Amino acid sequence: MTEDLLARARRQVLEGGDGLGYADLAEVLRLPDAEIPALLELAHDVRMRWCGPEIEVEGIVSLKTGGCPEDCHFCSQSGQFTSPVRAVWLNIPELVEAAKQTAATGASEFCIVAAVRGPDVRLMSQVREGLRAIQAEVDINIACSLGMLTQEQVDELVEMGVHRYNHNLESAKSYFPEVATTHSWDERWSTCEMVRAAGMELCCGGIVGMGETLEQRAELATQLAELRPHEVPLNFLNPRPGTPFADLPVLEAADALRTIAAFRLALPRTILRYAGGREITLGDLGTREGLLGGINAVIVGNYLTTLGRDPKDDLELLDELQMPIKELSKTL
Ligand code: SF4
């Protein structure tokens, strides 16, 4: 039975380049621990065949942290919970400095993030000013993550020269009502569709380990495959104090590795990025296993509200694994 699944995945995904569907992905997520090494090897082969050995490196900076009116239950930036994250705005010189530091690591993408439901006029003008200042001084692609957008805002971001837009589905459609109540999964989906239709690269992923079933994890992977994003950031829940998900258990390392492989088998050609939570779920060893199990992009430095690994550690590991960093010239 198990052999059938991996043999089928080899034929369909590795040889044919077609991602696995829902039923097969659910089966992948239920594979016994003993099958994980073979599963990761297959996922790695798929990544090498359809994406190549290069790794995309990205840095992120928070333009506005905390005080968000939404109630995403995993998020310490919601103003509705007692999480210890205060609302803070970054200024333009700090933003440019962060972009310079990111570029110095060899990263090709710099993502400006704001904890908001969607941008207002003030935020859009700050972003415009920030983009101009970075574009004048730093050679790097600029991405934004500013919440839900209107069509006018999508068009404005394209005109400003935003290269990529991040907006996550966060969870499977069937589980989303357990994750947030102040907006719907369909609203998220429609922002993603507008972004892609306007010609920006779409970065869209989610968080696993929020209490969803394995089937719902497979559902998220198939919904992402249907959306066809350029990149999928894969987060593991890092339960933050004060949030409704504070007491959820951290995902087991074996489940995290099965999830990485399943997402790669669902999305053979997509950039699959390790985002938040990998340190707590997988530790240093797991970072290596994930990079050899389908992951081909990393965020260097700190995440939005928690500390990540030292960029040096990640860059040394990539060097040791002989995975070259994707150059800026190849991403334009
Ligand atoms: S995930 Fe985004 S929209 Fe949701 S509470 Fe956090 S900052 Fe707000």
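In the predicted model, the ligand is surrounded by C68, E70, C72, F74, C75, S78, A115 and V116, a residue being counted as near a molecule if one of its heavy atoms lies within 4 Å of it. This shell divides into six nonpolar residues, one polar and one charged, where Ala, Val, Leu, Ile, Met, Phe, Trp, Tyr, Cys and Pro count as nonpolar, Asp, Glu, Lys and Arg as charged, and the others, Gly among them, as polar.

With a disulfide defined as a pair of cysteine sulfur atoms within 2.5 Å, the count comes to zero. C51 is in no disulfide, the nearest cysteine sulfur, that of C203, being 14 Å away. The sulfur of C144 is 6.6 Å from the closest cysteine sulfur, in C111, which is too far for a bond. C144 is buried at 0% relative accessibility, whereas C51 is partly exposed at 27% (buried, under 20% relative accessible area; exposed, over 50%; partly exposed, in between; 1.4 Å probe, protein chains only).

The largest nonpolar core (buried Ala, Val, Leu, Ile, Met, Phe, Trp, Tyr and Cys residues joined through side-chain atoms within 4.5 Å) holds 99 residues, of which I112, I134, L157 and L291 touch the most other members. Helix α10 (residues 253–266) contributes the largest share of this core, eight residues (helices being DSSP runs of H or I, at least four residues, numbered from the N terminus). Apart from this core lies another, of six residues, among them I60, V113, A143 and A275.

Residues are numbered from 1 along each chain as its sequence is written, and side-chain values use heavy atoms, with hydrogens and water left out. Local features need pLDDT of at least 70 and side-chain atom pairs count only at pLDDT 80 or more, while totals for chains, interfaces and linings use all residues.

How values were computed:
Helices (H or I, at least four residues) and strands (E, at least two) are DSSP runs, numbered from the N terminus.
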